[in-house]
Amino acid sequence: MADWVFTKLYKDVFADLTVDATEAKELHDKFEAANPPPDKLVSLRAMAFRIGSEFLSTDGNKDTDVAVLRAINAVVHALEKTCMLPKPIKDDSAFNDEALEDLYRQILTDGSVDQEESKELLTFFQSTPPPVSKLVSTRANAFRIGSEMLTEDKAHNVGILRAINVIVHTLEITLFKPKVYVCKVEPPPTMNVSKIGVNASIEKAVQHIWDLDVNRLTPGVDYGEFTHFFWYFISL
């Protein structure tokens, strides 16, 4: 499923700044149908923060801005629930909610995350991981505390969103793993021009490239956007 589909979905979700049960199910169904590969999960989560930042108020309306954070948290929750699994944790007895909240406040106070803070957060999650039963609340607390740091300055609030995104990213790479990925696009049969004809061969080639593109490849990264198509057709 192409990125524009999620762009529209996220914007629809953020339009009224609430995520009811119907929208939550739609998010789950979209992620499940899209079947994003593991290397797409980070960009899908970051996209939620980027698009969410567009809905922050310009007049310092804190109720609106808090609602934006709640909506982003709902999107992230749907993504984690649908596409990720908690990593096995050997010992969570040392986890300290209050210590983590203090670290969150330290990170979010100025709306930025420096290298030292990022390393400290990573070390915390690695050395004193929360139990699986507290993963959701551990992530949600970053949004809750972030909402306390919001001001009338939109640029500052965008910085808060970026800092929360770093916290969530660190939490996910440390405590979650992607679900086993199974590509749902079947490889095409061997295409032979002499047997099936030029038109049929090109049609199948185009469809296969499209299916691969929306499932697991990134134009301009995994292949050249035009040259790949050109040489694919020339080789038929």
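Which side chains does a polar contact of 2.8 Å join? Keep that in mind while you get your bearings; the tour comes back to it at the second stop. The model on your screen is a predicted one.

**Stop 1: the whole chain**

Start with a cartoon view of everything. The protein chain has eleven helices and two strands. Reading from the N terminus, the order of elements is α-α-α-α-β-α-α-α-α-β-α-α-α. Now colour by accessibility: 41% of the 236 residues count as buried. If you draw a contact map, look far from the diagonal. Among contacts with a separation of 6 or more, 80% are between residues 24 or more positions apart.

**Stop 2: Arg45 and its partner**

Select Arg45, which lies in helix α3. Here is the pair from the opening: the side chains of Arg45 and Asn165 are joined by a polar contact of 2.8 Å. Is Arg45 buried or exposed? With a relative accessible area of 2%, Arg45 is buried, because buried means under 20%. Expand the selection to residues in contact with Arg45, skipping the neighbours within four places in sequence, and you should find Val76, Leu79, Asn165, Val168, His169 and Glu172.

**Stop 3: Glu80**

Keep Val168 and Glu172 on screen and add Glu80, a residue of helix α4. Glu80 is also buried, at 5% relative accessible area. Which side chain makes a polar contact with the side chain of Glu80? Show Arg139 as sticks: the two side chains meet in a polar contact of 3.1 Å. Beyond four places in sequence, the contacts of Glu80 are Arg139, Val168, Glu172 and Phe176. Val168 and Glu172 are therefore worth leaving displayed, because they are in contact with the buried Glu80 and also with Arg45.

**Stop 4: the nonpolar core**

Next, turn to the nonpolar side chains. In soluble globular proteins, such side chains tend to be buried together. In this model the largest nonpolar core has 53 residues. Label Tyr10, Phe14, Phe31, Tyr104 and Ile164, the residues with the most contacts inside that core. To see where the core comes from, colour these helices, each of which gives two or more residues: α1 (3-15), α2 (21-34), α3 (41-53), α4 (62-83), α5, α6 (115-127), α7 and α8 (154-175). The largest share, eleven residues, is supplied by α4.

**Stop 5: Phe31, inside the core**

Zoom in on Phe31, found in helix α2. Phe31 is buried, with just 1% relative accessible area. Which residues does Phe31 touch, not counting those up to four places away in sequence? You should see Phe6, Tyr10, Pro36, Leu44, Val75, Ala78, Leu79, Thr82 and Cys83. Try the distance tool on the C-alpha atoms of Phe31 and Phe6: they are separated by 9.0 Å, with the two residues 25 apart along the chain.

**Stop 6: the cavity**

Now switch on a cavity display. Rolling a probe the size of a water molecule over the atoms shows where empty space is left. How many cavities of 30 Å³ or more does a search of the whole structure find? It finds one, and the space in this largest cavity is about 30 Å³. Select its lining: Phe95, Asp97, Leu100, Glu101, Tyr104, Thr138 and Asn141. By class, that makes three nonpolar, two polar and two charged residues. Helices α5 (97-108) and α7 (135-148) each supply at least two of the lining residues, and α5 gives the largest share, with four. Tyr104 may look familiar: this lining residue was also labelled among those with the most contacts inside the core.

**Stop 7: two loops with an unusual backbone**

Finish with backbone torsions. Most residues other than glycine have a negative phi. Where does Leu17 sit? Look in the loop between α1 and α2. Leu17 is not a glycine, yet its phi is positive, about 60°. At 18% relative accessibility, Leu17 counts as buried, because the cut-off is 20%.

Then move on to Asn35, in the loop between α2 and α3. Asn35 likewise has a positive phi, about 50°, without being a glycine. Asn35 is buried too, with a relative accessible area of 14%.

How values were computed. Residues are numbered from 1 along each chain as its sequence is written. This is a predicted model: local features need pLDDT of at least 70, side-chain atom pairs count only at pLDDT 80 or more; totals for chains, interfaces and linings use all residues. Side-chain values use heavy atoms; hydrogens and water are left out. On a 1 Å grid over the protein atoms alone, a cavity is a set of points where a 1.4 Å probe fits but cannot get out, and a pocket is an open set with protein on both sides within 12 Å along at least five of seven lines; lining residues have an atom within 4 Å of a point. Grid points are joined across faces, edges and corners, and a volume is the space filled by probe spheres set on the points. Ala, Val, Leu, Ile, Met, Phe, Trp, Tyr, Cys and Pro count as nonpolar, Asp, Glu, Lys and Arg as charged, and the others, Gly among them, as polar. A nonpolar core is a set of buried Ala, Val, Leu, Ile, Met, Phe, Trp, Tyr and Cys residues joined through side-chain atoms within 4.5 Å. Buried means under 20% relative accessible area, exposed over 50%, partly exposed in between (1.4 Å probe, protein chains only). Contact means heavy atoms within 4.5 Å. A polar contact is a pair of N or O atoms within 3.5 Å; within protein, one must be able to donate a hydrogen and the other to accept it, and residues adjacent in sequence count only if both atoms are side-chain atoms.
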